[in-house]
Amino acid sequence: PNEFQSLLKEPKGKINPLFRKVKEYANQRGITQEDIIRYNIGYCDSGHYANRIIIPSYDSDNRLNYFIARSVFDEEKFKYKNPPVSKNVIMFENQINWNEPITLVEGVFDAMAVKRNAIPLLGKFVPKTLNDTIYKKEVKSINILLDEDAQDQALYYTMQFQNQGITTRNIKPSDKDAGEMGFSQVNTILKESKQTEFGDIISQKLAGL
């Protein structure tokens, strides 16, 4: 947004309560100073996205391809305001090493909790651009870490990727999503998880009946 201001620069002059509120919100979500620098996180204090933390996404050429605008106030009815552009993008693409295992998560806060090679889907479905790139880049290993209510989609993509010869691990979370669990717990789960086999998929499907 035109009103975007970086969280790295505290406004000069009088105390800015919104800046402090956004910093407090970021801290509560486990966002570190390193994350603020890495993702160029900011906020807006006016305009259409006022009172929201702004998390930009950049493509492989470091061009802005999307951004998330999340209210920092709990009483706000509409938590997110999406920009009027297509979601058919690869979020945080400039952060991705396609030669290493990638982790697919639902939201940007989930990705920041994983920290390493994580791509937010902005929902439960893999965008076509991302799907095509996974095959084009010949990705060898994928972790799928979607929320508990998205396991139907997670199992679908697990079978799809495995059928293409990609080592896939579908990691079913507990009652918390990745963003709520935080870096330490999420990465412990990633390290301990094993490749999902066909029998695991059948068992999970039957358990869900």
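Ser57 stands opposite Tyr66 in β4, a strand named, like every helix (H or I, at least four residues) and strand (E, at least two) here, as a DSSP run numbered from the N terminus. The model is predicted, with local features needing pLDDT of at least 70 and side-chain atom pairs counting only at pLDDT 80 or more, while totals for chains, interfaces and linings use all residues. Residues are numbered from 1 along each chain as its sequence is written, and side-chain values use heavy atoms, leaving out hydrogens and water.

Strand β3 (residues 52-58) and β4 pair in the antiparallel sense over 7 bridges, where pairing requires that DSSP find at least two bridges between two strands. These strands belong to an open sheet of 4 strands, ordered β1-β2-β3-β4 with antiparallel pairing, in which β1 (5-6) and β4 (64-71) are the edge strands, each pairing on one side only.

A second region is built around helix α4 (residues 128-136), in which Leu130, Asn131, Thr133 and Ile134 are buried, that is, under 20% relative accessible area, with exposed meaning over 50% and partly exposed in between (1.4 Å probe, protein chains only). These four lie on the same side of α4 because they cover an arc of only 165 degrees around the axis, the arc being that of the directions from the helix axis to the C-beta atoms. The buried residues of α4 pack against β5 (102-105), β6 (118-120), β7 (141-144) and α5 (151-163), with contact meaning heavy atoms within 4.5 Å. The face of α4 turned away from its buried side carries the exposed residues Lys128 and Lys136. Glu138, which follows α4, has a positive phi, near 55 degrees.
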